[in-house]
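Please open the model in a viewer and keep the sequence panel visible. The tour below proceeds by selection, from the whole chain to the ligand and then to individual residues.

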Amino acid sequence: MATIREVPSKVRRFERIGAHTHVKGLGLDKDLNAVKVKDGLVGQEKAREAAGLVVQMIKEGKLSGKTIILAGPPGTGKTALAVAVSRELGPNVPFIQMSGSEVYSSERKKTEVLLGAIRKCIGVEIHEMRKVYEGELKAIDIKTTAHPYNPYQKVPESIRLTLKTEKEEKTIEAGASIAQQIMQENISEGSVIQIDAETGRVVDLGLSLESAKGKSYDVDTRRKIPRPPGKVMKEKEFVYTLTLADMDEINARRRLGGGIFSMFMGGSETKEIDTEVRTAVDESVKKLVDEGKAFIHPGVLFIDDSHLLDLEAFSFLGRAIESELVPIIILATNRGVTTIRGTDVRSPMGFPLDLIDRSVIIATHEYDPESIGEILRIRSEEEKVDLEKKALKKLTEVGAKSSLRYSVQILSLAAQNARTMKHKKVSAADVERVDSLFMDIGEAAEHLRKYEEKMMMH
Ligand SMILES: Nc1ncnc2c1ncn2[C@@H]1O[C@H](COP(=O)(O)OP(=O)(O)OP(=O)(O)O)[C@@H](O)[C@H]1O
Ligand SMILES: [Mg+2]
């Protein structure tokens, strides 16, 4: 099946060494207990074990429609934990990461952004039985005729193909469109091909191992495959995974005209999708599921900094959670008791109480110096920075005094300093120099206070 390929729906961003590239998983043992340092994660054991249970339930498809809140002070690994969850789930479970601020788009309504994201997180695995002709091409005979507008040009009129499997040899005749595809794709004797009986789509699967070319040509770049077993005409099962958002898109475009191909060939971009389209997609998916032809894989929608959502967005989410086709929603926030955006109501984390009530909360805590040191060591490996022991000690002190984030920044800057000074390894002096050149948040606040009157206010 050379041309049928799953398109992963996860958004992949180009990353060199991002803030979380060192995170490879949750670092749990087989009983889901956290190992202090594993898979790039350090400490924060309770949160990691809780996340482990969540991952297990997601994998078993038991958690759809649930909300999980990651709550804790800044820099305590909430985003890192969510990244670890996505790594654990693997590439086949849709995992969409967005920031609370992304709902404020000037082109789309807040609810539309959220609904779009929710639908990207639901995978639909569709199984379809299709009748196909399949076999090694033994003989081709193309009949041509004069072009209707240009008598000097020949165009294919029909084709006669002999296909061979392990079991039989059959000759079939087909019309111009199949002949054209065979000519365009340069398909010749010896190829194993598959023709969809209904649509007439031709797929070149590769070169048959048993064919004369397959045996003799060493330098044929095509994939070599065995001659298909069974009969030439057979029913085959095709499996593809789409997300509800993909299906919405395809349907919306189909309504506009142009069919599925306009998706690949460009064409008008649909900014908002009609409710009608979505309802139709939901109906057809439900029908397929009832008939046993499709399976739903609820993924994860991770909304980072979700205190940036406002009441309208929260109430929409609350309602969406209760519908049938929903993913698992993970919200992360570093806010304490604060006002819910768009209101003057104060509430824990700035979330509406009814949403909190329907969620489970995973708390993250500040790190002890030992864990900070370990995280810094892992980061230095990730960034390929050679640290002297004393430099790591100094960095750990900086981290414990100000914040983990600040010390991670200082690590990169100290490495740059060492390179400039042509030091082989990063020394404590490099760390101290950089620490004295830059301000952490405490020092910045102090600085501002000192010059309060002299700083511009507008
Ligand atoms: N337990 C950990 N093990 C390894 N690295 C960690 C751990 N916790 C945090 N980090 C790393 O420290 C940095 C800060 O953590 P992170 O961004 O996850 O914090 P956060 O809780 O999301 O903070 P904020 O509330 O500001 O968004 C990141 O580079 C992250 O990968
Ligand atoms: Mg974060």
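## The whole protein

Begin with a surface representation of this predicted model. The protein exposes about 26000 Å², and carbon and sulfur atoms supply 52% of that area. Buried residues account for 44% of the 458 residues.

Next, switch to the C-alpha trace and orient the view along the principal axes, where the trace spans about 90 × 55 × 50 Å. The radius of gyration is 29 Å, whereas a compact globule of 458 residues would have a value near 23 Å.

Change to a cartoon, in which 15 helices and 17 strands can be displayed. If contacts are drawn between residues at least 6 apart in sequence, 66% of them join residues at least 24 apart.

## The ligand and its shell

Select ligand 1 together with the 19 residues around it; V42, K78, T79, Y367 and R405 come nearest. Coloured by class, this shell shows nine nonpolar, eight polar and two charged residues.

Which elements each supply at least two residues of the shell around ligand 1? They are β2 (41-42), α2 (78-89) and α13 (404-420). Highlight α2 in particular, since with three residues α2 gives the most to the shell.

Now display the polar atoms at the ligand, taking three places in turn:

- H20: an N or O atom of the H20 side chain is 2.8 Å from an oxygen atom of ligand 1.
- H22: the side chain of H22 places an N or O atom 2.9 Å from a nitrogen atom of ligand 1.
- G75: here the partner is a backbone N or O atom, 2.8 Å from an oxygen atom of ligand 1.

With these contacts in view, consider the ligand surface: taken alone, ligand 1 exposes 630 Å², and the protein buries 94% of that.

## T21

Select T21, in the segment before β1 (37-38). Is T21 buried or exposed? T21 counts as buried because its relative accessibility is 13%, under the 20% limit. Show the side chain of E382 as well: a polar contact of 3.4 Å joins the side chains of T21 and E382.

## E168

Move to E168, which is found in the loop between β6 (154-164) and β7 (169-174). Its relative accessibility is 23%, so E168 counts as partly exposed; the class runs from 20% to 50%.

What does E168 touch beyond its neighbours within four places in sequence? The contacts are L163, G230, K231, V232 and M233. Zoom in on V232, whose backbone nitrogen is reached by the side chain of E168 at 2.9 Å.

Before leaving this loop, draw a C-alpha to C-alpha distance from E168 to Y133: the two residues are 12 Å apart in space and 35 residues apart in sequence.

## D282

The last stop is D282 in helix α8 (residues 275-290). Why does D282 count as buried? The reason is its relative accessibility of 19%, which falls under the 20% limit. To see its surroundings, add R119, L244 and L325, with which D282 is in contact when neighbours within four places in sequence are left aside.

Definitions and conventions
Residues numbered from 1 in each chain as written. Chains lettered and ligands numbered in written order. Predicted model: local features only at pLDDT ≥ 70, side-chain atom pairs only at ≥ 80, totals over all residues. Heavy atoms only, no water. Near = heavy atom within 4 Å. Polar contact = N/O pair within 3.5 Å; in protein donor to acceptor, adjacent residues only side chain to side chain. Areas by Shrake-Rupley, 256 points an atom, 1.4 Å probe, with all protein chains shown as cover. Helix = DSSP H or I, 4+ residues; strand = E, 2+ residues; numbered from the N terminus. Nonpolar A, V, L, I, M, F, W, Y, C, P; charged D, E, K, R; others polar. Rg over C-alpha atoms; globule rule 2.2 N^0.38 Å. Buried < 20%, exposed > 50% of the residue type's maximum accessible area, 1.4 Å probe, protein only. Contact = heavy atoms within 4.5 Å.
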